[in-house]
Structure formats: C-alpha cells, structure tokens
Amino acid sequence: MNHYTDLFKHLGSGVTVLTPNRRLSATLQRDYQAHQVSQDQKSWETADILPLFSFMQRLWQDYTIETPNPASLPLLLTREQEHLLWEQCLTHYDDSLSLLQRAKTVDSFQSAWQLLHEWCIDLDHPDFETADTYRVMQRIAKQMQRVLFKNNWQSLSCLPQLLISLIKNGEIPLPKQLYFIGFTEISPMTQLFIQACEEQGTLVYCHHHPHIQGDDNNKKLSLPDCQTEILTMARWAKATLAQHPHARIGCVVPQLTAQREQVASLFSAVFADDCASFNISSGQYLSQYPIIHTALTLLSLHQTTISREIFCYLLTSPYLGEAEIEYVKRANVDKHLRQHNVSEVSLRNLLNDQAFPISLAIYAPLLAKRLAPFFSMLDQLPSSQSHYQWAKLFSELLGLLGWPGERSLLSEEYQITAAWLKLLNQLAKLDLVTDNITYQHALAILKKNANSTLFQAKTPTAPIQILGTLEAAGIPFDFLWVNGMTDRAWPPQPDPHPFIPKKLQHELNMPHATAERELHFCKQLIQQYQYHAHQLIFSFAEKEEEIEIQPTSLLNKVTAIKATQLILSDYTAPAAYLFATRKIEMISDAMAPPIAIGEEIKGGVRVIQDQASCPFKSYILWRIGAKPLETPIYGLRKQDRGRWVHRTFEKIWGELRTQEALLNLDSESLSRLIHTTIELALQDFPHAYQDFKQYLLLEKKRLYQIISAWLVSEKNRPTFTVIAQEKKIAISLSSLTLSTRIDRIDEIDHQQHLIIDYKTSPYHTINHWFSTRPEEPQLPLYLLAEEAKTVGLAYATIAARESGWHGVSRHDTAIKGIRPLAKIDRLNTTWEAQLIAWKAILHQLAEDFANGIATVDPKDLKQTCLRCELKSLCRINEEITHDSSSI
Ligand code: SF4
C-alpha cells in the first residue's frame with residue numbers, strides 16, 4: 001500500500017505539496033497519476049507537487065511579474081554569480097591564496113553563509129569573536145552584505161527571508177493548503193516560513209511517519225566486503241524484479257557519487273541482458289564526460305606546449321572535425337611522436353616547422369587546416385574582455401576545430417552538449433557582478449563549473465532505482481535495500497562547519513554539529529525507510545580495505561539473515577561468462593606462409609636474433625610489422641645515448657683514421673677533438689632534445705669521461721687503422737638477404753681485420769654467440785659477410801661502470817679481452833670449426849624464418865619473455881597458467 005494514498009485524496013486546486021528534492025516530487029507526481037487511473041478517473045487536474053526551494057523561487061518570480069515597479073526589486077543572483085562575488089570578497093581580504101585554495105575556501109564560505117541563513121544566525125553574534133576563522137568569516141560575510149546592498153542584489157540563501165517579509169505584508173498570494181512531505185528535518189528559517197504562511201491563513205501539514213518498532217519485514221545482512229555487498233544487492237534486485245515485475249525496487253548506496261563507477265559496472269554485469277531495468281540517480285560531473293573533457297582540453301591549447309598524452313588524446317578523439325576521415329593518419333602522428341621520444345608538444349611548431357619531428361600539414365592535413373585558423377584567432381585575442389565575449393569566443397574556437405565532430409550525437413551526448421551551452425550561459429551572466437577578465441581566468445571559471453556540475457542524462461523510468469540516502473527518504477518502495485549500514489557511517493562522526501562558531505552550532509543543534517544530532521538524524525532516516533518500504537534489507541560489509549568493520553548499533557533489534565536465505569539471480573562474472581560461452585576453433589598458427597618472391601624483409605640481423613629467441617616474435621615483428629608503441633620519456637632514451645656514443649666515435653675516427661694519429665695528438669688537442677665531436681654528434685638529434693640544457697650538460701660531461709678513458713685504452717693496444725665505419729653490408733642466408741651496418745672494422749696486422757661492435761651497456765657477452773639458438777648472433781653474422789680477411793670479432797664495451805674488449809679471434813691479437821677461440825677450453829672449438837657451425841646454425845634460422853616457422857617457442861621462458869612486449873599477442877601467460885606464475 002502506498003502511504004500517500006490519503007494525501008492524494010486531498011490534492012486539487014489550491015493545494016501544493018512540497019518535498020525536499022526533485023526525485024520525491026517526480027515520484028509523487030507519478031504515483032498520483034497512477035492513483036487517479038486506479039480510481040477510474042478519465043481526466044484530472046495536475047497536482048502541484050514540487051521541491052520547497054523551487055516553490056520559493058516560483059513565489060518570487062510571480063511576485064516580480066505582478067509587482068508594479070520590478071526595477072526597484074533586488075536582483076537574485078545565480079549560484080555562480082554569488083561564487084564569484086565571494087571570490088572577490090575573499091581576494092579583497094587576502095589575495096595571497098592560489099586559485100585552487102581560493103575556489104575551495106569560497107565553497108566553504110558559501111556553504112557557511114547558507115547555513116547561517118537557514119539557522120537564522122546573526123553575523124554580529126559575539127561567538128564570532130572567539131576564534132580567528134570565525135572572525136574572518138564574519139568580516140568577509142559583512143563585506144558580501146555590503147556589496148549585495150550597494151548593488152541591490154540578493155543571494156539565493158536570503159530568498160526565504162525575503163519572502164517571509166513579503167508574505168507577512170500580504171504581498172504574496174499563497175495556496176490554501178501546503179503539505180510538507182518527506183522532510184527529515186525542518187530548519188528554523190523554514191519554520192519561520194511556515195509560520196508566516198499560517199499567519200496568512202494557509203493550512204500547513206507536515207507529514208510525519210509513525211515510529212516503527214520490530215517490523216518483521218526488516219532484515220539485516222552481513223557480507224564479506226563492499227564489492228560483494230553491491231553485487232549481492234544487484235542480484236537480489238534482479239531476482240526480485242523477475243518475481244514481481246510491477247514492483248518498485250530501491251537500492252540505497254550512501255556514497256553513491258564516489259562509488260558510481262563500481263555500482264554501474266556491477267549492476268551492468270548482473271543485468272547484462274537488460275540494463276534498462278535499473279537507473280542510477282547520481283550523475284557524473286560534466287567535465288568527466290569525454291565530449292566536455294575534449295572541449296575543455298581544446299580550449300586549453302592556448303598554452304605554449306602541451307604534453308604528448310594530452311595531444312594524443314585529442315588526436316584520437318571523435319569530437320574533433322574530420323576525426324573519422326583522418327583517424328588512421330592522426331593515430332600515426334601519435335606513433336611518430338612516440339618514436340621521436342616527444343614528451344611535450346608545441347602545436348605551433350608542428351604546424352609551422354616542417355623539420356621537427358613531423359609536419360602536421362603532411363601527416364594530418366585536415367587537422368592542420370582546423371588548427372591554423374584556431375591559433376590565428378587565439379593570436380588576435382584581447383588581453384581581457386567581458387564574460388559574455390569569452391563565452392561567445394569559446395564557442396567560436398570550438399567551432400573552428402569542428403567540435404563536437406561530424407557523426408550524429410547519441411541521445412546522451414546531445415543532452416550533454418545542451419548542458420554545455422548552459423555552462424557558457426552561466427559564464428556570460430557573470431558580467432553582472434564583475435569586470436573584464438583574461439582568457440585564462442574565463443577558462444578557469446568554465447572548468448570549475450564543469451567540475452562541480454553533476455549531470456545525468458534523462459532516461460525512461462526504470463523499475464529499480466539506485467539512490468543516495470537522502471534521495472530515497474520518503475519514497476514508497478515495495479522492496480528496498482540499504483547498503484553501507486556500518487557503525488562508521490550510521491551515525492557518522494560529528495563534522496561541524498569550520499567557519500561557524502562551534503558553540504553556536506552545538507546550541508542550535510545544527511547539521512553535523514554533535515554526535516547526538518547525527519544519531520538522531522540517522523534514526524529519522526531509518527524510520528523513513530522503514531515506514532515507506534514493505535520489505536527492507538539493511539546490509540553492511542565486514543571488511544573495508546582489510547580493516548574489520550562492525551554493523552551499526554541502530555539495527556540491533558533488526559533480525560539478521562544470511563545471504564543464502566535470499567533469492568538471488570544467477571550471476572557469472574563477465575570474464576568467466578565469456579570463457580564459459582567460448583566456441584573453440586582450433587587453428588594451428590605455428591606456420592605462416594613462406595616468404596613470397598619480392599617480399600621485403602626489414603630488421604637486418606634482428607630477424608635472425610629474434611628467430612633464435614622465439615620464432616613467433618620474429619614473425620610478428622618482421623613480417624606482420626606489429627610493434628609495441630613506444631612510451632616517450634623526458635631526456636635521452638637508452639638507445640639515444642648509445643647513438644650519441646656511436647656518432648661521436650664515428651666522427652673521431654673519421655678524422656683520425658689511425659692509432660698513430662691518435663698517439664700524435666697532445667692531450668689538449670685530444671680533449672678539444674672529443675668536445676667538438678660530442679657537440680657535432682648531438683646536432684644529429686632532433687632539436688627538441690636541445691631544450692634539456694642542464695640535463696645535456698651533465699650527459700656531455702659523462703660522455704667526455706667515458707670516451708676519453710676509452711681512447712686511452714685504444715692508445716695502448718697494438719697498432720691499427722680504422723678502415724671502415726658504419727659499413728653497409730648485405731648478408732645472404734638461405735633465400736634471405738639482410739641489410740645491415742657494421743659499426744667499425746680495424747685493420748690490425750698484415751691486412752687482417754677485426755670487426756667491432758660498440759656497446760654502451762656491460763651486459764653483452766660472447767657467451768651469447770655460441771649455441772644453436774644464439775641470443776646475439778650479430779657478430780657471427782658479420783663474419784659470414786666479411787669472412788675472407790676477418791680474424792677477430794669483438795664488442796667494444798664503453799660504459800661508465802665497465803669498459804673493455806670482449807671477443808674471440810683466430811689467433812692471438814694481443815688485445816686484452818679478445819681471446820683465440822682455440823684457447824677457450826669450455827668452447828672446445830677452433831675458428832674454422834666454429835665458422836662452419838655458425839654457417840649451419842644461421843642458415844637454418846634464416847631458412848626457418850623464410851619458410852614461415854612461427855611457433856610460440858621462447859628460448860628461455862623467463863629470460864626471453866621477460867622484456868618482450870608481445871605477451872598479449874602470443875598469449876604465453878595463458879599457455880603457462882596451469883604451470884606457474886605468469887611472466
Ligand atoms: S612473450 Fe615470449 S613467447 Fe611471446 S612472443 Fe615474446 S618471446 Fe615469444
């Protein structure tokens with residue numbers, strides 16, 4: 001039975017029903033219509049049901065229309081206008097606060113101001129003198145009063161007071177009867193309002209629910225954790241709806257705004273086949289919707305540089321002009337920026353500078369076409385102008401960028417863009433209270449309002465309502481579940497307002513002032529739920545983030561039940577559901593098609609290296625071309641540092657050529673040569689790196705030290721001549737021809753050659769050359785290409801921690817670290833025998849690759865896969881789950 005049936009009998013002309021919120025008004029309105037239908041009524045007068053504050057605003061509007069001299073009336077400010085006034089009053093008092101601190105403090109002032117009015121507290125009350133914070137509040141509030149008075153403005157918080165004096169003077173016509181429904185408490189100002197209405201002959205009824213004790217239809221339930229609690233509630237709601245298709249079901253979540261994502265995700269998982277059955281009352285802040293987030297991000301492009309992440313977010317956003325046509329090109333811009341290790345992007349550079357790192361005009365011409373007039377409009381902006389002009393300009397700027405895109409908007413997106421226009425409208429209205437402002441300030445206001453405006457798209461009425469605690473109060477439900485009934489939240493710790501004297505709050509029993517008041521309020525709320533719900537379940541989680549929690553003592557008398565006593569819908573977690581419904585088709589993917597005639601293979605010696613470590617990896621990287629996206633870092637990447645060393649040596653030996661020339665240089669000339677070549681080598685890097693001046697200075701110092709030390713060691717080895725650097729070679733293996741470069745070849749003795757590979761980390765070892773699956777087959781491969789005169793292969797390891805030669809030779813070269821192969825006992829081979837072995841191994845690997853062998857077969861499950869980024873593609877972890885932990 002609906003407890004409002006009696007009320008509905010009284011509704012009609014001259015009767016107004018007032019509620020604390022819109023949701024209860026809408027529910028009562030719907031229930032009233034259903035009641036009329038159930039009474040076989042064919043037509044009826046619409047009931048006047050609305051929230052109390054809307055009623056007051058309506059009274060004021062009607063009065064301003066009817067009054068003969070509306071210009072003399074005070075102008076009611078909007079919340080945003082009032083916020084700006086508070087901000088000005090605060091700045092007037094203390095201008096040292098940051099923008100963020102100021103916004104938060106203003107919010108606090110505004111809420112204190114509202115409480116002071118609702119609880120009829122005089123700003124001259126002596127308790128304001130008892131602490132600095134109260135005194136500050138008092139002074140700023142008085143400043144606010146002066147500004148309001150001077151301009152004949154009025155704050156929304158003063159509206160009840162304004163109306164009361166007009167009602168008392170008989171200047172406002174009132175309904176004959178007023179019903180206050182669903183109020184958990186009535187503030188002193190509302191009581192004065194009621195009193196004034198009664199004095200004018202209006203009959204006022206406050207609907208009080210009777211005290212409920214020991215209701216058998218109330219149950220309490222403990223569940224292991226918050227996640228299980230919400231999930232069980234969702235399963236209960238689904239099962240209850242299946243049993244009672246016409247029932248009204250409520251689910252109360254106390255922290256609904258904070259937990260919205262979790263609640264939405266769990267309910268969607270449970271109601272996978274019927275998401276229209278539930279509705280979540282809490283919306284999200286406007287700025288959290290991608291379409292608005294994109295708009296605000298676009299307007300922030302006035303900054304000199306933006307992070308690559310933000311730019312790439314825009315590149316892939318569907319809310320920009322030509323996003324769909326140019327999607328692939330824009331994604332490619334992201335890829336290129338990553339490859340160039342770009343962390344910060346100057347859009348103007350991308351537009352104008354064709355050299356670095358890419359030109360938008362070439363890579364994403366349609367986007368470039370949009371951005372050019374956007375920046376040109378930004379360049380012509382005045383330093384300050386009115387809010388209205390900024391609001392208009394923001395719209396124009398977004399229009400230039402094609403926001404919100406070409407595709408048809410979904411219903412929700414359409415409603416969000418309408419809310420965006422309201423935000424701009426709010427901004428424009430601020431001209432009333434303040435002067436011209438800058439672009440940055442106008443954008444900051446817009447962002448702040450988008451961050452604090454909750455929005456929820458209108459959806460058809462659903463049988464299951466998910467609500468916050470206050471919203472659910474007073475609404476009749478057939479079945480209601482209230483979760484989060486822990487002793488921490490019911491009642492919560494007292495939390496008096498910091499800007500209102502505590503003593504006063506205590507005496508006046510103001511919201512959150514004392515433990516007793518919190519307890520009383522919670523009892524009232526529980527009573528409301530109990531009164532309006534036929535079946536009621538209270539639940540609580542036993543643990544929160546591993547901390548044990550207790551149920552509220554307010555439910556001591558409520559009978560406890562177990563989850564097993566509830567009827568719950570079946571539920572399978574989405575991942576398990578997908579797994580259970582899988583249809584398996586076995587496809588052997590170990591063999592790819594053989595390389596076709598004319599198929600170009602990039603990758604050089606990496607092809608063979610990867611084939612040796614894992615055939616699947618080589619296939620994916622060098623035939624499919626699927627490479628992980630790089631993640632830029634600030635400063636030089638490891639490969640950049642290596643490249644710098646390589647380039648520096650290339651330039652040094654390009655000039656010196658022989659050891660003799662090196663030995664002939666005095667220390668000063670050598671030092672100069674090293675410095676100059678380090679500088680010259682740096683010029684080969686993209687000029688964005690040049691911005692890291694201090695960092696590069698340190699890096700140059702480090703380079704100078706390791707290069708100087710290395711050249712000392714070069715002086716001390718037997719005579720040599722550098723005969724080739726960065727030599728391009730083509731290695732023919734089986735049907736493959738691999739192109740690569742050899743770092744350096746030295747002639748060491750009687751036209752015999754030593755092949756050198758520079759390494760800038762000390763982890764490379766010759767042990768990686770000798771197996772049927774060599775981890776580093778690079779130098780053996782070079783040997784196959786330069787077999788005739790080569791007598792040695794070596795890594796030149798040039799690192800701060802460890803420098804030196806690591807290599808093997810045909811005979812003794814007298815270079816420390818390069819050992820004749822025949823003398824390495826553990827290898828048990830000779831130069832000639834090893835050459836034959838390498839030929840066989842490397843040819844076989846090349847043949848496997850050419851034939852399309854692509855098995856998921858890492859050489860060493862842990863080591864090989866550890867840094868490989870193809871795990872999600874090869875699914876090695878799924879293969880080994882039965883065996884051990886994943887990699
Ligand atoms: S993760 Fe391991 S198995 Fe998978 S492709 Fe890489 S190396 Fe091969």
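Begin the tour by selecting glutamate 660, which is found in helix H27 (residues 659-664). The model on display is a predicted one. Glutamate 660 has a relative accessible area of 57% and is therefore exposed, since the cut-off for that class is over 50%. Next, add phenylalanine 720 to the selection. Although 60 residues separate glutamate 660 from phenylalanine 720 along the chain, their C-alpha atoms are 8.1 Å apart.

A second contact of this kind can be displayed with glutamine 288. Glutamine 288 lies in the loop between strand S10 (284-285) and helix H11 (290-299). Its relative accessibility is 45%, so glutamine 288 counts as partly exposed. Select alanine 450 as well: the C-alpha atoms of glutamine 288 and alanine 450 are separated by 8.5 Å, with the two positions 162 residues apart along the chain.

**The ligand and its shell**

Now select the ligand. Which cavity does the space taken by the ligand form? That space is the largest cavity. The residues that surround the ligand are Cys614, Phe616, Lys617, Val856, Pro858, Cys865, Cys868, Leu870, Lys871, Cys874 and Ile876. Colour this shell by class, and 9 nonpolar and 2 charged residues appear, with no polar residue. Two helices deserve to be highlighted here, helix H25 (615-624) and helix H33 (871-874), as each supplies at least two residues of the shell around the ligand.

**Strand S7 and its partners**

Move to strand S7 (residues 218-225), which runs parallel to strand S16 (residues 533-544) and is joined to S16 by 7 bridges. To locate the pairing on screen, select asparagine 218, which stands opposite leucine 536 in S16. Strand S7 also pairs with strand S18 (residues 559-561), in the parallel sense and over 3 bridges. In this second pairing, lysine 220 stands opposite alanine 560 in S18.

**Aromatic pairs**

The next stop concerns aromatic rings. A pair of such rings is described by the distance of the centres and the angle of the planes. Across the whole structure, a search finds 24 aromatic pairs. One of them is formed by tryptophan 710 and tryptophan 805, whose ring centres are 5.0 Å apart and whose planes make an angle of 50°, a tilted arrangement. This pair links distant parts of the chain: tryptophan 710 belongs to helix H29 (residues 693-715) and tryptophan 805 to strand S23 (residues 803-809), 95 residues apart. Are these two residues buried or exposed? Both tryptophan 710 and tryptophan 805 are buried.

Select next tryptophan 769 and phenylalanine 770. Why is this pair called tilted? The ring centres of tryptophan 769 and phenylalanine 770 lie 6.3 Å apart and the planes stand at 40°, so the pair is tilted; planes under 30 degrees apart would count as stacked and those over 60 as edge-to-face. Tryptophan 769 has a relative accessible area of 0% and is buried. Phenylalanine 770, at 16% relative accessibility, counts as buried too. Before leaving the rings, select Trp86, Phe109, Trp113 and Phe499, which ring pairs link into a cluster.

**Backbone geometry**

The final stops concern the backbone. Most residues other than glycine have a negative phi, and most peptide bonds are trans. Select tryptophan 403 and proline 404, which are joined by a cis peptide bond with omega of about 5°. Proline 404 is placed in the loop between helix H17 (387-400) and helix H18 (411-429). Another cis peptide bond joins tryptophan 490 and proline 491, where omega is about -5°. Proline 491 lies in the loop between strand S15 (477-482) and helix H21 (502-507).

Turn then to glutamate 322. This residue other than glycine has a positive phi, near 55°, and is found in the loop between helix H12 (308-315) and helix H13 (327-339). Its relative accessibility of 16% is under the 20% limit, so glutamate 322 counts as buried.

The tour ends at alanine 814, which is not a glycine and yet has a positive phi of about 60°. The loop to display is the one between S23 and strand S24 (818-820), which holds alanine 814. At 57% relative accessibility, alanine 814 counts as exposed.

Key. Residues numbered from 1 in each chain as written. Predicted model: local features only at pLDDT ≥ 70, side-chain atom pairs only at ≥ 80, totals over all residues. Heavy atoms only, no water. Near = heavy atom within 4 Å. 1 Å grid on protein atoms, 1.4 Å probe; cavity = no way out; pocket = protein on both sides within 12 Å on 5 of 7 lines; lining within 4 Å. Sits in = over half its atoms within 2 Å of the grid points. Helix = DSSP H or I, 4+ residues; strand = E, 2+ residues; numbered from the N terminus. Nonpolar A, V, L, I, M, F, W, Y, C, P; charged D, E, K, R; others polar. Pairing = 2+ DSSP bridges. Phe/Tyr/Trp six-rings, centres within 6.5 Å; stacked < 30°, edge-to-face > 60°. Buried < 20%, exposed > 50% of the residue type's maximum accessible area, 1.4 Å probe, protein only.
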